[in-house]
Structure formats: structure tokens, C-alpha cells
Amino acid sequence: MIRLKIETSGLIVTILAIGLLTFSTPVLAKSPNYTTKDLNEQLVMATVWMQTSAEYRALCYQAFNVAKMNLDNFLANYKGSKPVAIIADADETLIDNSAYEAWLIGKDFGYSSKTWTPWMQAAEALAIPGAVEFLQYVKSKGVETFYVTNRKMVGYDGTKKNLAALGFPDVDKKHLLLRTKSSDKQARRDIVLKDYAVALYLGDNLNDFESAFAKKPIDGRFAETDRAKDLWGTKYIVFPNPTYGEWEAAVIEGNWGASAAEKNKMRKDSLRVWDR
Ligand SMILES: [Mg+2]
């Protein structure tokens, strides 16, 4: 808001009114009182959509149907000697953590390992619609599933308990590959690729597919996605996640230390707006 010190009260009212109309978004963004609690309000629509929209559910079924078709196609044409596997991310690909996101709404703090660790240990994530059925189908075809997730080892027991209780197959030390050092998943993908022919990759975050997508600005992510155009829905099966992800990092240029007000501003500055 432009706040000019003019002693005529009528003028001040007029200028403030124009300022409010013209610069209402920057006013909010620059407010020193804009808190993490305010920023967490932006999770409401994304989380409501994941939890209540049948469209989200339909998209998940669609992703697993596409995965099944491509697995069948892969197996029908495969003539190699290595056993076949798929590589799947866990969070927002196979299991639904939206209750954790919903819990953040109304709180004055964001995601942190301090609260995420107890969530993992609670083992209360739900299965993504269609996930258990698909992975059981994979198993029935003699194909192994490797879970490559960036959950840290502190969450190993809770994750194993959660996945096993939901009915996922291959939940053991060999197949459950949590993050030990790097968040880059390529080293873990390479371990699988050494001994297996990987038919499919499943993920909600582009880093679940290739490291080429990691830590890139918005344009760079678009360019890599265009480059891999033929792989989407064939080898790479993508799941919708509007609540968090590397896309969010790109919007704030990796500046996780930015204040809530700064993040709010960067998010809003990234919008393409109707220039009426
Ligand atoms: Mg994920």
C-alpha cells in the first residue's frame, strides 16, 4: 500500500482507498504480521481437494489403470534375463499423508522433521485409492516392488508397519529403501537397476523419476518435462499432489529459510494474472 503523509484527511482516505484497490496483494504479502499460520491457510483448498473430491480419487485410479496397462505391455514384450521390478515412491504415491497437512492448518509452524517423525511413527497414513490392489497385481505377475522414498531412517519402523498393515507386498529390508544420505534417489534407483529390469516408475514428484528434474527453476522443470514427454503415462506414472513438492521449492527458488510473508509474496508473484 502506498501511504503518503498528506495532512488533508480527505486526500488520505482517497489515496488509501486507491492503494487498497490497486495494491491489495502486495499489501498482504509485505505485512510484517503475516505469519506461518496465515501461510498454512493456503493448504486448505489443496487438502480439501485431496480428501473430499471424487476427482482426486478418479485420477488415482486412472494412474494405476495406466500403470497396469503398461506393466502388462512390458511383460508381454520382455525378453531379457533380469527379473522385472517397479520402483515406487511412497508419500502421495502409495500412501496419503493429507491428515498431517490438515493438522498443520491453524498452527503457526510448517512442516518439520520434529512433527513429521511422530507422524511416520504413528503409521496412520491411508492407502492411495487403487494402490494396494495394483501392487498386489504386480506381485501376482512375479514382479517385485522397490519402495524408494525420502523418508529418513528414523521413520523406518513406522513406515514398514504402515505399509504392511495396509496390505502392500514386498515390505522388507531389501525392498524398502529409505533416505540414508542424499535426497537424490538415483543411487537407490541404480541399486535396483543393477539387478532388475525396471518396468515402471511411480511418483508424485518429478525427482521420483530422474535426477534431471531436481533443484531446477520453474522453466527448467518445464523444459525437462517436455524433453521426457513420451515417458509420461508409459514408463513414468505421475500422481497428483497439490499440497507440497519440488514444484513448491521452484516457486520460492529453493529459499526454504524465507519468511512466511516472503513465501506468500513469491507464490503470488509467480501467478500469471489476467491483465484486464
Ligand atoms: Mg512422494
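Aspartate 208 counts as buried, since its relative accessibility is just 7%, under the 20% cut-off for that label. The model it sits in is a predicted one. Its side chain meets that of lysine 185 in a salt bridge, with N and O 2.6 Å apart. This pair links distant parts of the chain, 23 residues apart: aspartate 208 belongs to the loop between S6 and H11, while lysine 185 belongs to the loop between strand S5 (176-179) and helix H10 (186-195). Lysine 185 is buried as well, with a relative accessible area of 4%. The pairing doesn't stop there, as Asp89, Lys185 and Asp208 are linked in a network of salt bridges.

Asp89 leads on to the metal site. The magnesium ion takes its protein donors from Asp89 (OD), Asp91 (O) and Asp204 (OD), which lie 2.0 to 2.2 Å from the ion. Along the sequence, these donor residues follow the spacing D-x1-D-x112-D. Aspartate 89 is in the loop between strand S1 (84-88) and strand S2 (95-96), and aspartate 204 is in the loop between S6 and H11, so this pair ties together parts that are 115 residues apart in sequence. What is the relative accessible area of aspartate 89? The value is 7%, so aspartate 89 is buried. Aspartate 204 comes out at 13% relative accessibility and therefore counts as buried.

Aspartate 91 has a second job in this picture, as a salt-bridge partner of arginine 151, with the closest N and O atoms 3.0 Å apart. Here aspartate 91 sits in the loop between S1 and S2 and arginine 151 in strand S4 (residues 144-152), so the two tie together parts that are 60 residues apart in sequence. Both aspartate 91 and arginine 151 are buried.

In total, the structure holds 10 salt bridges. Side chains of opposite charge can pair when their charged atoms come close. One of the salt bridges joins the side chains of aspartate 72 and lysine 68, at 3.8 Å from N to O. Why are these two residues separated by about one helical turn? Because aspartate 72 and lysine 68 are four residues apart in helix H5 (residues 54-77). Aspartate 72 is partly exposed, with a relative accessible area of 28%, and lysine 68 is partly exposed too, at 33%.

Asp204 turns up again in the lining of the second largest pocket. That pocket holds about 220 Å³ of space. Among the other lining residues are Trp49, Leu206, Arg221, Phe239, Pro240 and Trp247. By type, the lining splits into seven nonpolar, two polar and three charged residues.

Two of the lining residues, Leu206 and Arg221, are also in contact with phenylalanine 213. This phenylalanine is placed in the loop between strand S6 (197-203) and helix H11 (218-227). Is phenylalanine 213 buried or exposed? Phenylalanine 213 counts as buried because its relative accessibility is 0%. Neighbours within four places in sequence aside, its contacts also include Asn207, Glu224, Thr225, Arg227, Ala228 and Trp232. From C-alpha to C-alpha, phenylalanine 213 and alanine 223 are 9.2 Å apart in space, and 10 residues separate them in sequence.

Notes. Residues numbered from 1 in each chain as written. Predicted model: local features only at pLDDT ≥ 70, side-chain atom pairs only at ≥ 80, totals over all residues. Heavy atoms only, no water. Buried < 20%, exposed > 50% of the residue type's maximum accessible area, 1.4 Å probe, protein only. Contact = heavy atoms within 4.5 Å. 1 Å grid on protein atoms, 1.4 Å probe; cavity = no way out; pocket = protein on both sides within 12 Å on 5 of 7 lines; lining within 4 Å. Points joined across faces, edges and corners; volume = space filled by probe spheres on them. Nonpolar A, V, L, I, M, F, W, Y, C, P; charged D, E, K, R; others polar. Donors = N, O, S within 2.8 Å, 3.2 Å for Na, K, Ca; no water. Salt bridge = Lys/Arg side-chain N within 4 Å of Asp/Glu carboxyl O.
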